[in-house]
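Dear colleague,

Please find below the structure that I am handing over to you. My account of what was found in it follows directly after.

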Amino acid sequence: MASSERSALLTYRLCGASGEEERGRERGRAAATATAHRKLPTFLGVVVPTLLSMFSVVLFLRLGFVVGHAGLYQALAMFAVAYFIIGMTVLSVCAIATNGALDAGGAYYMISRALGPEFGGSIGIMFFLANVCGSALYVLGLVEALVDSFGIPLGGYGIDYTTGQRMSFSSVFAVMFNGCTGIMAGSNMSGDLKRPSYSIPRGTISAVLFTYLVYNLLAFLMCATCNRILLQKDYGFLRDISIFPPLVTVGIYAATLSAAMSNLIGASRILYALARDDLFGRALVLAKKTSANGNPVMAVILSWLVVQLVLFSGKLNTIAGVVTTFFLLVYATVNLACLALEWASAPNFRPTFRYFTWHTCLLGIAGCCVMMFLISPVSASASLGFLLLLLLALHYLSPSSTWGYISQALIFHQVRKYLLMLDVRKDHVKFWRPQMLLMVQNPRGSARLIDFVNDLKKSGLYVLGHVELQDLDMLPSDPLQPQQDSWLTLVDKLNVKAFVSLTLAPSVRHGVRQLLFTSGLGGMRPNTLVLGFYDDAAPQDGLAQHPAFTSTREEIPLGFPPLRAPAAPKLLSAREYVGIVADALKMLRNVLLARQLESLDKAQELRRAASPSPAIHVWPINLLRPDSARYADTCSLFLLQMACVLNMARAWRRACLRLFLCVEAGTMPHAQEEKLRQLLKDLRIQAQIQLVPWDAVTRLHWQTCRGPPGGPAGATEEEEEETMNFPANTTQVSDEYVCAANKLILEQSPAPVVRFLYLPRPPADTSLYPLYLHQLELLTRGLGPTVLVHGVSAVTSTQL
């Protein structure tokens, strides 16, 4: 370090620089040192490696083979097809390479940073294997040249004398294509280039055009000067027709060795990049080790060892098809990466190289896939299967990265498009589904409720809502942003398919209103509000005992405060709680109130012995309005639909639905039962019906009610519906009656897993809200897990 730099650093430390700032300076110096190692210009860093890789064994030992077995026209057609494929791929490579800073790893780095770690890691392994096999192929070419120079070649008229197999267009193309697979040689050196984004497009395109001209020119010259039998029977014929044969021998050795070394170095760079990204954990830890000047020595040694294993295959033409398949698969993925970036329409995808479109990417993918299966359907299928296994392994095992996932951009693009197409004016009751907004005060006391509502959503929208009682005007920053990660971690650990929506408000009621107005987007908005029940039960920390955390021994996500102490005052008054229910109904949202759901051990209840089988009890009438006990109004049908939706969830299929029909003496109960059975049949709902005499219960009501049963005389159905929806229920039923109704429910055995009850609409007189809530508490006291339901939506259909 220079003395001026040392003094500057000393001054900086004396001025009080923190340790973090010093580490930042160290990282900056390390980055500057790494940049200083990048010294290769375009010609030496891209053009030369690409030419050396493409002018390989194919040029000296297999170009005559191609022309001799395929003829001039087919040979030219092969060159056209091969260079069409690599031309489309080069355009994609250039686009990706000019869209940002490149590091070591070449194609792997491009694909991984564009498509994410799953695709990047799996294609990185495939590209590593392709380069390793390519290096082995060129070594075998060198061995073949030695045998041809000092041994006796065998003869063959359409049969490859090295393998004894008859040649076809696809088999000859497989051999020929290996002379075109060096297009990534310059990209693989991206970590050593001065200006990767500048050098890779210019150098690669120049080298590809030059090799295409040379291959076509040599094909013409060979056809014009050599006998076809000579081309077929002697792969080293160039020595026989050369003015100075030793020059050909030197060229063969130099070309094959340089191509083999180029592929070996490329493979080692890919392996080093894979190891450095830690996608495969400790499996590649050795490949991270470098020399003093930064060369990945261990990666080179490991790559060389794998090349030695491939050499046991023995014949050049034997592994040519496998090598070609690997390279075609990699090229198809490079085109896929560029296509995905183009289709995602992300603002930050703006490469300086503009000579490409999504059409060129698609043509490149199609060309690669077609030729893969033409060359060897078995190799192509095996390669794709291996790629799929790597994808799945990396998806489940690899750590999350900060590279960015193209899948998220594509999903955003498609979701936006389909949300615009989701027209609420075209909604139909046949395709209705519940879209839930569950209000959660503290997840520590609501883990099982969150899981229960997840079973109720039936592939619909599910939003976890939370209201933070603070004023943004009095805060330096938004307090909800730090909490977002904790909530998202909670969703992941509980394995529920839910979104999170947090808001600031001066009161819980205002916050719920905000969420009901703003949650969702377009046709995907919550149509059902779910609340925990308002009672005096002490909150229990169910999150600490939840299997999602106890099984993995992980800490509960930070950011959630301790539960409220039993003696501490509530943040929500009884009047405000009922007001939230009233607000939701005014906004035409269905309402569910869940009581004692935290006591529901779903796994234990649903796995118990078959006799008695677990049951879901459904009471489809308004027990707080015995004078209007109907089971076919909008609310009753919605309640029935929600119970059926729960029963359709995979975890609840063993449970049976049991409907309770409350009947009085002299009302023809069997006729009512048959009518209800026909309704269930029309709605395609499998449920048992159980008649429940409740004369003793209703007698308590009529003793305190002045009017006759059945509602006002001469009332129409619309008037009766209005009376039922806006009743003064709390003034018409006594606590004695409500307790009797509660006892009636409890007497129905065996005890169910969960009960669904009709939730009356809150009274219009807000002064009666506490009494209304008191009666709900009496009605559900001691019932165990219970869901009170009020529906305002028509959700059932008998139509096809």
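Is arginine 595 buried or exposed? In this predicted model, arginine 595 counts as buried, because its relative accessibility is 6%, under the 20% limit for that class.

The salt bridge of this residue deserves a description. Arginine 595 is paired with glutamate 777, and their closest N and O atoms are 3.0 Å apart. Glutamate 777 also counts as buried, at 16% relative accessibility. Since arginine 595 belongs to strand β5 and glutamate 777 to helix α30 (residues 769–780), the pair ties together parts that are 182 residues apart in sequence. The pair is also part of a network, in which salt bridges that share partners join Asp535, Arg595, Glu777 and Arg781.

Strand β5 leads on to the sheet. This is an open sheet of ten strands with mixed pairing, in the order β3-β2-β1-β4-β5-β10-β9-β6-β7-β8. Its edge strands, each pairing on one side only, are β3 (499–504) and β8 (688–693). From one strand to the next, the twist averages 25°. Strands β5 (residues 590–595) and β10 (residues 786–790) run antiparallel and are joined by five bridges. Within this part of the sheet, valine 591 stands opposite histidine 790 in β10.

Two helices may be described together with the sheet. Helix α19 (residues 480–494) packs on the sheet and touches β2 (462–468) and β3, with its direction at about 155° to that of β3. Helix α20 (residues 508–518) lies across β1 (436–439), β2, β3 and β4 (528–532), and it runs at about 145° to β2.

In total, the model has eleven salt bridges. Two further examples are given here.

The first joins the side chains of aspartate 278 and lysine 288, with an N to O distance of 2.6 Å. Both residues lie in the loop between α12 (245–276) and α13, so this salt bridge ties together parts that are ten residues apart in sequence. Aspartate 278 counts as partly exposed because its relative accessibility is 33%. Lysine 288 is likewise partly exposed, with a relative accessible area of 33%.

The second joins the side chains of glutamate 673 and arginine 677, again with 2.6 Å from N to O. Here both partners lie in helix α25 (residues 669–682), four residues apart, which is about one turn of the helix. Glutamate 673 is buried, with a relative accessible area of 16%, whereas arginine 677 is partly exposed, at 37%.

Finally, there is the surface at helix α13. Which residues form a nonpolar patch there? The patch consists of Val297, Ile301, Trp304 and Leu305, which together have about 350 Å² of accessible area. Tryptophan 304 is placed in helix α13 (residues 297–310). At 44% relative accessibility, tryptophan 304 counts as partly exposed, since that class lies between the 20% and 50% limits.

To recapitulate, the points for your attention are these:

- the open sheet of ten strands with mixed pairing;
- the network of Asp535, Arg595, Glu777 and Arg781, joined by salt bridges that share partners;
- the nonpolar surface patch of Val297, Ile301, Trp304 and Leu305.

With kind regards

Definitions and conventions: Residues are numbered from 1 along each chain as its sequence is written. This is a predicted model: local features need pLDDT of at least 70, side-chain atom pairs count only at pLDDT 80 or more; totals for chains, interfaces and linings use all residues. Side-chain values use heavy atoms; hydrogens and water are left out. Patches are made of residues with over 30% relative accessible area and no salt bridge: like charges are joined within 9 Å, nonpolar side chains (Val, Leu, Ile, Met, Phe, Trp, Tyr) within 5 Å. Accessible areas come from the Shrake-Rupley method with a 1.4 Å probe; for residues, only the protein chains shown count as cover. A salt bridge is a side-chain nitrogen of Lys or Arg within 4 Å of a carboxyl oxygen of Asp or Glu. Buried means under 20% relative accessible area, exposed over 50%, partly exposed in between (1.4 Å probe, protein chains only). Two strands pair if DSSP finds at least two bridges between them. Axes are lines fitted to C-alpha atoms, for helices over the stretch in contact, and angles run from 0 to 180 degrees between N-to-C directions. Contact means heavy atoms within 4.5 Å.
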